[in-house]
Amino acid sequence: MARALTRLGADLATARKRRKQSLRSWATRLNVSVPTLVKLEKGDPTVSAGVYATALWMIQRQDALAGLADPREDLAALENEVRTASRRGAKIDV
């Protein structure tokens with residue numbers, strides 16, 4: 001998880017810089033302090049998910065959030081369903 005947040009933070013920092021926006025202006029738009037924005041850009045897990053989501057919205061990437069927990073991509077749940085069906089004697093063609 002830490003690696004993913006670090007990458008997300010770095011990507012958001014890059015997006016801000018590419019838009020030539022200052023830390024202060026982005027912090028204001030996010031309704032957070034500059035130190036909190038710096039934490040976000042470092043991928044700090046103590047920054048709320050809502051702030052990360054708002055930052056994604058600011059770069060028009062909010063749609064990426066919708067698929068993060070898509071049940072169709074939940075392989076652990078699918079494996080569990082297959083195991084349960086197998087125990088019940090169902091023949092499964094995968």
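User: Why is R16 called buried?

Analyst: The model is predicted, and the accessibility of R16 is computed from it. R16 has a relative accessible area of 7%. The term requires a value under 20%, so R16 counts as buried. The residue is placed in helix α1.

User: What makes the pair of E41 and R16 a salt bridge?

Analyst: The criterion is a side-chain nitrogen of Lys or Arg within 4 Å of a carboxyl oxygen of Asp or Glu. The N to O distance between the side chains of E41 and R16 is 2.6 Å, so the pair satisfies that criterion. E41 lies in helix α3, residues 34–42, and R16 in helix α1; the pair therefore ties together parts that are 25 residues apart in sequence. Like R16, which is buried at 7%, E41 is buried, with a relative accessible area of 14%.

User: Why is the link between R16 and E41 also called a polar contact?

Analyst: The limit for a polar contact is 3.5 Å between N or O atoms. The side chains of R16 and E41 are joined at 2.6 Å, which therefore lies within that limit.

User: How do you know that D11 and R7 form a salt bridge, and where in the fold do they lie?

Analyst: Their side chains meet at 3.6 Å, N to O, and the cut-off is 4 Å, so the pair qualifies. Both belong to helix α1, residues 2–18, where a spacing of four residues separates them by about one helical turn.

User: Which accessibility classes do D11 and R7 receive, and why?

Analyst: D11 has 41% relative accessibility and counts as partly exposed, because its value falls between the 20% bound for buried and the 50% bound for exposed. R7 has a relative accessible area of 61%; this is over 50%, so R7 is exposed.

User: How many salt bridges does the structure hold, and what makes R72 and D70 one of them?

Analyst: There are three salt bridges. In the pair of R72 and D70, the closest N and O atoms are 2.8 Å apart, which is within 4 Å and therefore meets the definition. The partners fall into separate classes: R72 is exposed at 72%, whereas D70 is buried at 16%.

User: What makes the lining of the largest pocket mainly nonpolar or mainly charged?

Analyst: The class counts decide the matter: ten nonpolar residues, two charged residues and no polar ones line the largest pocket. Among the lining residues are L8, L12, Y52, I59 and L68, together with D11 and R61. Because Asp and Arg count as charged, D11 and R61 belong to the charged class. The volume of this pocket is about 280 Å³.

User: Which elements give two or more residues to that lining, and where does the largest share come from?

Analyst: The elements concerned are α1, α4 (49–58) and α5 (63–66). Helix α4 provides the largest share, with four residues.

User: What makes the backbone of K20 and Q60 noteworthy?

Analyst: Most residues other than glycine have a negative phi. K20 is not a glycine, yet its phi is positive at about 55 degrees. Q60, likewise a residue other than glycine, has a positive phi near 60 degrees. K20 sits in the loop between α1 and α2 (23–30), and Q60 in the loop between α4 and α5. With relative accessible areas of 74% for K20 and 71% for Q60, both are over 50% and therefore exposed.

User: How do you know that the span of helix α6 is close to the expected one?

Analyst: Helix α6 comprises residues 75–87, which is 13 residues, and reaches 18 Å from its first C-alpha to its last. The expected value at 1.5 Å a residue is also 18 Å, and the span is close to it. Just after α6, G89 takes a positive phi of about 90 degrees.

User: Why do A55 and A64 receive the classes buried and partly exposed?

Analyst: A55, in helix α4, has 0% relative accessibility, which is under 20% and therefore buried. A64, found in helix α5, has a relative accessible area of 32%; this lies between 20% and 50%, so the residue is partly exposed. As to C-alpha separations, A55 and P71 are 25 Å apart at 16 residues along the chain, and A64 and R83 are 31 Å apart at 19 residues along the chain.

Note on methods:
Residues numbered from 1 in each chain as written. Predicted model: local features only at pLDDT ≥ 70, side-chain atom pairs only at ≥ 80, totals over all residues. Heavy atoms only, no water. Expected span 1.5 Å × (residues − 1). Buried < 20%, exposed > 50% of the residue type's maximum accessible area, 1.4 Å probe, protein only. 1 Å grid on protein atoms, 1.4 Å probe; cavity = no way out; pocket = protein on both sides within 12 Å on 5 of 7 lines; lining within 4 Å. Points joined across faces, edges and corners; volume = space filled by probe spheres on them. Polar contact = N/O pair within 3.5 Å; in protein donor to acceptor, adjacent residues only side chain to side chain.
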